[in-house]
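Here are my notes on the model, set out as numbered points. Please read them with the structure open.

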Amino acid sequence: MSEIFELSRFERAETQERTVVLPFTTGELKESGPALEVPKNRHALAVALPLIKKLCDALNSQQVSYCHWKSNWKLNRWLAGDGDLDLLVQRADKQRFIAIISGLGFKQAEPPTNRQTPGILNFYGFDAEADKLVHLHVHYKLVIGNDLSKNYHLPAENVVLENSSLQGLMPVPSPEVELILFVLRMVLKHSLESVFKTKTSSVEQELDYLESSADRAHVANLLPELAPQLSPMFFDQCLESLRSPNTFFRRMIVRQQLEKRLAASARTGRGAAALLKVHRRMMRLVRERILRQKARKRFVTGGMLIAVVGGDGSGKTTALQGLNKWLGKKFAAQRFHIGKPRRSLLSLGLIVLLRIYRFITGTPAHPAWEAPRRNVPSFPGYLQLLRWVSAGRDRRRLYMKARRFAVNGGVALCDRYPVPQLKLMDGPNIARSIAPHERNPFIKFLMKLENNYYREIMPPDLLLVLRVDPDIAVQRKTTEVEQHVRTRSTELWQQDWSGTNAYVIDAGRPAATVMAETQSIIWSKL
């Protein structure tokens, strides 16, 4: 089948010059009120993402019972990766479904426990060809309602699946089934917040599409199977409440009446659901407006601590920024600069004392990797030794924060991560700065303390090494002293990484190529 697929029958209705008179009823078509014209072809043909096409082909060939159960008037957009795919999957086919999507590289990621809904899971895949994340919103149960509570379960999954048929790449429900579900979903979403968030014109347009394709008699026959608590007359009232003009209070009355009729299908009582919505709304307000934190999903299998190592001019900072932006759109991701941790009070005090001492005595700084070149005295002084120890303590503390973040499902992206193979950037300094014969008991104590701090920094879950020729690094990093850049780049360039678990990436290539390879490696390991 071509990757360019045909318009669904809902969208074919857009191309026709037709006038639909509203509102729709299960009886005769009403002629009162102004006629609304169905807009012409608003969505052009789209090309399905390669990953989505593979997914559909695999599910269809394995005869998994599923369908894309809502908002199918924009199915072309969803298949092109411009939104999530809402899939209703037969629970009997769950294992086969999971096996298929796992084979395609999809990962399960969920919001915090208090925001999860039983029977609804989230899976993400990465389409490397299109450089897009694909979100599968998988429903084993048909749960609808306000986004903050999802309080009503319609035990009609089999009815929806039995009334679905293949449209292009993916099965979708019949227009009659989708119309009933759409009306119930939209009415249950009525709230003060929805007045400002939901565009009435968009709701009415989707309603137009569904009504133009649905058979009125078939809707009346299916209503008892999907929602036996509702009479055709009350369903008409629900549908009409979605039309303009309808006051906010009128819509709220209809919503309350619908909630009463669906009480037997509720997950919790109406009072408890109302309190839950208020609680979650307040928590979201505090998190987003006060704490400035965005809600992001975390990987169910646990996150990952990723170290990106590279010398000056390797594009390490650019890569970390790109990775954080890529993952941070959907998932809990955070950058940690292990080489420059937040300084403790002890470290700040030692820095001040060192600067005062150097100002008074005229002693230059004593970077361990530059001492031989700059003819710095062999003994750096006890203040410097204490500063190196405190720096190791600060780095270990930041490492612990990053590790906890990863264990709890986040992706920790670490810069200047201490690795044993590199000596000129970050790591223990005392042992390589003071010869063995110069170490008195106090120096040995400080050296042991520093080594212990770095020893507690365990290897990362994934080590990415950006390797670039020192000459290229010097050309790129014109803001730094050439010898400084070349020395660090040469150490990494000459290091043999074959006996390690590191993924060595040729960073001499264009940034886009390096980023694509880095993304593919990370996604395969998550």
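1. Overall burial. Half is the figure to start from: 50% of the protein's 526 residues count as buried. This is a predicted model. The accessible surface of the protein is about 25900 Å², and carbon and sulfur atoms hold 54% of that surface.

2. Make-up and contacts. The protein has 21 helices and 17 strands. Take the contacts in the protein with a separation of 6 or more: 75% of them join residues 24 or more positions apart.

3. The six-stranded sheet. This sheet is open, and its pairing is mixed. Its strands run in the order S3-S4-S7-S6-S5-S12. Strand S3 (66-68) and strand S12 (298-299) are the edge strands, each pairing on one side only. Strands of a sheet pair through backbone hydrogen bonds, in either a parallel or an antiparallel sense.

4. One pair within the sheet. Strand S5 (residues 107-110) pairs with strand S6 (residues 120-127) in the antiparallel sense, over two bridges. Look for Lys 107, which stands opposite Tyr 124 in S6.

5. The helix across the sheet. Helix H2 (residues 50-61) lies across S3, strand S4 (85-89), S6 and strand S7 (132-139). H2 runs at about 125° to S6.

6. The largest nonpolar core. In soluble globular proteins, nonpolar side chains tend to be buried together. Here the largest such core has 39 residues. Val 160, Ile 180, Val 183, Leu 184, Leu 242 and Leu 258 touch the most other members. Two or more residues each come from helix H5 (157-162), helix H6 (175-188), helix H8 (200-213), helix H9 (216-226), helix H10 (232-241) and helix H11 (248-261). H6 gives the largest share of this core, 10 residues.

7. Leu 184 and a separate core. Beyond its neighbours within four places in sequence, Leu 184 is in contact with Ile 144, Leu 154, Ala 227, Leu 230 and Leu 258. Apart from this core lies another, of 31 residues, among them Ala 109, Phe 126, Ala 319 and Val 468.

8. Arg 416. Is Arg 416 buried or exposed? Its relative accessible area is 19%, so Arg 416 counts as buried, the cut-off being under 20%. Arg 416 is found in the loop between strand S15 (411-415) and helix H17 (430-433). Its side chain makes a polar contact with the side chain of Asp 426, at 2.6 Å. Setting aside neighbours within four places in sequence, the residues in contact with Arg 416 include Val 308, Lys 316, His 337, Arg 395 and Met 425.

Note on methods. Residues numbered from 1 in each chain as written. Predicted model: local features only at pLDDT ≥ 70, side-chain atom pairs only at ≥ 80, totals over all residues. Heavy atoms only, no water. Pairing = 2+ DSSP bridges. Helix = DSSP H or I, 4+ residues; strand = E, 2+ residues; numbered from the N terminus. Contact = heavy atoms within 4.5 Å. Axes fitted to C-alpha atoms, helices over the stretch in contact; angles between N-to-C directions. Buried < 20%, exposed > 50% of the residue type's maximum accessible area, 1.4 Å probe, protein only. Polar contact = N/O pair within 3.5 Å; in protein donor to acceptor, adjacent residues only side chain to side chain. Areas by Shrake-Rupley, 256 points an atom, 1.4 Å probe, with all protein chains shown as cover. Core = buried A, V, L, I, M, F, W, Y, C linked by side-chain atoms within 4.5 Å.
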